[in-house]
Amino acid sequence: MIDDRLARLSLAENERGLSLQWRAGRAARDKHDESYAAVAAFEANGRALRPWSAGHIRAEKDSGGAVQIAWVRRARWGGDGWEGNDPPPSEESELYEVRILDGATIKRRLTAATPGATYALADQIADFGGAISGLSLEIAQISSRTGAGITGAATFTML
């Protein structure tokens with residue numbers, strides 16, 4: 001049952017990624033009491049702090065053959081407004097990495113400071129030997145605090 005008796009895990013910033021031994025038991029007893037059970041080592045990876053994945057990813061070719069990629073920034077904090085505005089930034093600065101894929105192979109990495117990027121025709125030719133007819137990509141917002149956020153992925157057929 002989830003209620004207010006559950007507490008959020010409280011770790012120091014420098015404990016993220018460390019393998020820590022956790023013990024569980026009744027709060028009324030000392031944490032060193034023999035009734036406490038040792039839980040297998042646990043590694044908090046800070047997922048709750050990472051930026052959310054990009055939403056509503058779209059891509060289309062422009063008249064020059066470049067692929068225009070766009071998405072909607074999602075906010076972990078303060079993004080519940082219903083006024084139709086973009087959610088407020090949750091990071092100090094806005095930075096994204098767009099990975100162009102060929103299967104599991106990353107063919108190109110693009111960076112963007114806004115929710116949009118261009119995959120130039122010249123880059124398509126360099127990466128795939130010609131203009132592409134399909135596109136698989138991943139997008140992650142980059143946090144100065146936690147690194148790459150949760151990845152958004154999409155696959156498109158280019159007409």
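**Close-up 1. The buried residue R73 and its partner E94 in the predicted model.** In this predicted model, R73 is buried, with a relative accessible area of 12%, a value that falls under the 20% cut-off for that word. Its partner E94 counts as partly exposed, at 26% relative accessibility. The side chains of these two residues, R73 and E94, meet in a salt bridge with an N to O distance of 3.1 Å. Because R73 and E94 both lie in the loop between β4 (67-72) and β5 (96-102), the pair ties together parts that are 21 residues apart in sequence.

**Close-up 2. A salt bridge between strands β8 and β5.** Here the side chains of E138 and R99 meet in a salt bridge, with 3.0 Å from N to O. E138 lies in strand β8 and R99 in strand β5, so this pair ties together parts that are 39 residues apart in sequence. R99 is buried, with a relative accessible area of 10%, whereas E138 is partly exposed, with a relative accessible area of 23%. Both residues also belong to a network of salt bridges that links E97, R99, R109 and E138. As a general point, side chains of opposite charge can pair when their charged atoms come close.

**Close-up 3. A salt bridge between strand β6 and helix α1.** The side chains of R108 and D123 meet in a salt bridge, and the N to O distance is 3.7 Å. R108 lies in strand β6 (residues 105-112) and D123 in helix α1 (residues 121-128), so the pair ties together parts that are 15 residues apart in sequence. R108 counts as partly exposed, at 22% relative accessibility, and D123 counts as partly exposed too, at 23%. A search of the whole structure finds six salt bridges, and the pair of R108 and D123 is a salt bridge of this kind.

**Close-up 4. Strand β10 and its pairing with strand β8.** In a regular strand the side chains alternate between the two faces of the sheet, and this alternation can be followed along strand β10, which covers residues 152-157. G152, A154 and F156 point to one face and are buried, while A153, T155 and T157 point to the other face and are not buried. Strand β10 pairs with strand β8 (residues 134-143) in the antiparallel sense, over six bridges. Within this pairing, I139 of the one strand stands opposite G152 in β10, and G152 is one of the buried residues of β10.

Definitions and conventions
Residues are numbered from 1 along each chain as its sequence is written. This is a predicted model: local features need pLDDT of at least 70, side-chain atom pairs count only at pLDDT 80 or more; totals for chains, interfaces and linings use all residues. Side-chain values use heavy atoms; hydrogens and water are left out. Buried means under 20% relative accessible area, exposed over 50%, partly exposed in between (1.4 Å probe, protein chains only). Helices (H or I, at least four residues) and strands (E, at least two) are DSSP runs, numbered from the N terminus. Two strands pair if DSSP finds at least two bridges between them. A salt bridge is a side-chain nitrogen of Lys or Arg within 4 Å of a carboxyl oxygen of Asp or Glu.
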